[in-house]
Amino acid sequence: MARPVKHDGGLYKRDESKVWWMGYRDKDGIRRRESTLTEDWGEAQKCLRERLQARDNNILPALRRGQDLAFGEWADFYLENFSKSPFRAQKTHGVNQRALKHLRTVFENTKLAKLTADDIEMYLRWRLKQRVVIKTRSGSVEKGLLKATTVHQELRVLRRMLNVAMRKCSRSTRK
């Protein structure tokens, strides 16, 4: 029989690194070691507590997978698998494509786990300051400012996309 574990997890520094590393056991008792990506001990402690909480809530695999998944990759997957019929109407798919075209300009290489409410708020403010661009044969013509309803439609698409991502990740961890 295995010896009982005294501690849930811990922080340590490696000789060749300035950042703190964390060691903990996952739900199956397998020892995991990963970087906290910070040199601050308080931030490292916070990161370790989040990992242990995710483990206890049984969402650790989804959290780890979400850290590696970029917004652009998930957008492609979402458009292909959740935006077309039979899930959505053809017009809805067109709306999703237009909204994601604008969202990608800002969030393309952002990891899903790093996307914050502040980032989305800044995107909202940035988009509301832009002008409508109409393409004609002779070139592009700028009109008035974008309407708030247009920008909020993009945010609805973003919210739906992130909700599907959360549901998809939480289902795959239960299996």
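Modeller: A polar contact is a pair of N or O atoms within 3.5 Å; within protein, one must be able to donate a hydrogen and the other to accept it, and residues adjacent in sequence count only if both atoms are side-chain atoms. This is a predicted model, in which local features need pLDDT of at least 70 and side-chain atom pairs pLDDT 80 or more, while totals for chains, interfaces and linings use all residues. Residues are numbered from 1 along each chain as its sequence is written, and side-chain values use heavy atoms, without hydrogens and water.

Colleague: What does the side chain of T38 reach?

Modeller: The side chain of T38 reaches the backbone nitrogen of D40 at 3.2 Å, and the limit is 3.5 Å, so this is a polar contact. T38 lies in the loop between strand 3 (31-35) and helix 1 (41-56). Helices (H or I, at least four residues) and strands (E, at least two) are DSSP runs, numbered from the N terminus.

Colleague: Why is T38 called buried?

Modeller: Its relative accessible area is 16%. Buried means under 20%, exposed over 50%, and partly exposed in between (1.4 Å probe, protein chains only), so T38 counts as buried. Leaving aside residues up to four places away in sequence, T38 touches V19, W20, E43 and A44 (contact means heavy atoms within 4.5 Å).

Colleague: In helix 3, what puts the buried residues on the same side?

Modeller: In helix 3 (residues 71-81), the buried ones are F71, G72, W74, A75, Y78 and L79. They cover an arc of only 160 degrees around the axis, which puts them on the same side of helix 3. The arc is taken from the directions from the helix axis to the C-beta atoms.

Colleague: What makes the pair of W74 and F77 tilted?

Modeller: Rings of Phe, Tyr and Trp (its six-membered ring) pair if their centres lie within 6.5 Å; planes under 30 degrees apart are stacked, over 60 edge-to-face, the rest tilted. By this rule there are 7 aromatic pairs. W74 and F77 have centres 5.2 Å apart and planes at 35 degrees, which makes the pair tilted. W74, at 6% relative accessibility, is buried, whereas F77, at 33%, is partly exposed.

Colleague: Why is the pair of W74 and F82 tilted?

Modeller: The ring centres of W74 and F82 are 6.4 Å apart and the planes are at 35 degrees, so the pair is tilted.
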